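Subject: A structure for you to look at

Hi there,

Here is the structure I promised to pass on to you. Have a look at it first, and then read my notes below with the model open beside you.

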Amino acid sequence: MSHRKHEVYEKDKGKCRYCGKRLSIKNHGKTGSRGAWQIDHSRSRRNQGTDHLNNLAAACVACNQEKGGRNARAFKAELRARGVDVPTRKKKGFLARLLGL
Ligand SMILES: [Zn+2]
């Protein structure tokens, strides 16, 4: 999971997918540390979620624990209902993806 860790961190620009908090790459998995985070499965493994990068997200420990086995969509909706400013990710166009932007 160690190279995956970097991929996921880069993909989410070093921020929690759910609350936008800054995460520290070196504090992956270090609960209680500043910027501690975990790799979250957007669609949980319980719900046939995969370990593909497109199903993985960087999440701070608090969000990940609260989300539990729920799917990202449901969790985000709940956060928004509570007034949390959940970051939205723009869909990348074909060319941007092709160029790795
Ligand atoms: Zn968070």
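**What I found**

Let me start with a single residue: Lys13 has 13 C-beta neighbours inside 10 Å, so it counts as partly exposed. Please keep in mind from the beginning that this is a predicted model. Lys13 sits in the loop that runs between α1 (2-11) and β1. Its phi is near 55 degrees, which is a positive value in a residue other than glycine. That is worth a second look, because most residues other than glycine have a negative phi. Along the sequence, Lys13 and Cys60 are 47 residues apart, and in space their C-alpha atoms are 13 Å apart.

**The overall picture**

Now step back and look at the whole chain. You should be able to find 4 helices and 2 strands, and if you follow the sequence they come in the order α-β-β-α-α-α. Along the principal axes, the C-alpha atoms fill a box of roughly 35 × 30 × 25 Å. The radius of gyration is 13 Å, which agrees with the value near 13 Å that a compact globule of 101 residues would have. Buried residues account for 23% of the 101 residues. If you take the contacts between residues at least 6 apart in sequence, 50% of them join residues at least 24 apart.

There is also a record to mention. The UniProt annotation "domain: HNH nuclease", from an unreviewed entry, covers residues 3-65. In the model, that span is 22% helix and 16% strand, and its end C-alpha atoms lie 23 Å apart.

**The two strands and the loop between them**

How do β1 and β2 run relative to each other, parallel or antiparallel? They run antiparallel, and 5 bridges join them. To find one of the facing positions, look for His41, which stands opposite Leu56 in β2. In β1, 4 of the 5 residues are buried, so this strand is largely enclosed by the rest of the structure.

The loop between the strands holds two residues that I would like you to find. The one is Ser42, in the loop between β1 (37-41) and β2. Ser42 has 19 C-beta neighbours inside 10 Å and therefore counts as partly exposed; the cut-off for a buried residue is 20 or more. Beyond its neighbours within four places in sequence, Ser42 is in contact with Gly49, Asn55, Ala57, Asn71 and Ala72. The C-alpha atoms of Ser42 and Ala58 are separated by 9.6 Å, with their positions 16 residues apart along the chain.

The other is Gln48, also found in the loop between β1 and β2. Gln48 is exposed, with 8 other C-beta atoms within 10 Å. Gln48 is not a glycine, yet it has a positive phi of about 65 degrees.

**A helix with two sides**

Next, turn to α3, which spans residues 72-81. Which of its residues are buried? They are Ala72, Phe75 and Lys76. Seen down the axis of α3, these buried residues fall within an arc of 100 degrees, so they line one face of the helix. On the other side of α3 you will find Arg73, Ala74, Ala77 and Ala81, which are exposed. The cover over the buried residues of α3 includes β2 (56-60) and α2 (61-67). Just after α3 comes Gly83, with a positive phi of about 95 degrees.

**The nonpolar core**

Last, look inside. The largest nonpolar core has 14 residues, and those with the most contacts inside it are Cys16, Trp37, Ala57, Ala58, Ala59 and Cys60. The elements that give two or more residues to this core are β2, α2 and α3. The largest share, 5 residues, comes from β2.

Cys16 is a good place to begin exploring this core. Leaving aside its neighbours within four places in sequence, Cys16 is in contact with Lys21, Leu23, Trp37, Ala58, Ala59, Cys60 and Cys63.

Enjoy exploring, and write back with any questions.

Best wishes

Technical notes. Residues are numbered from 1 along each chain as its sequence is written. This is a predicted model: local features need pLDDT of at least 70, side-chain atom pairs count only at pLDDT 80 or more; totals for chains, interfaces and linings use all residues. The radius of gyration is taken over C-alpha atoms; the globule rule is 2.2 Å times the number of residues to the power 0.38. A residue is buried if 20 or more other C-beta atoms lie within 10 Å of its own, exposed if 12 or fewer, and partly exposed in between; C-beta atoms are placed from the backbone. Two residues are in contact if their C-beta atoms, placed from the backbone, lie within 7 Å. The arc is that of the directions from the helix axis to the C-beta atoms. UniProt positions are given in the numbering used here, feature names are shortened, and annotations may be inferred rather than shown by experiment. Two strands pair if DSSP finds at least two bridges between them. A nonpolar core is a set of buried Ala, Val, Leu, Ile, Met, Phe, Trp, Tyr and Cys residues joined through C-beta atoms within 7 Å.
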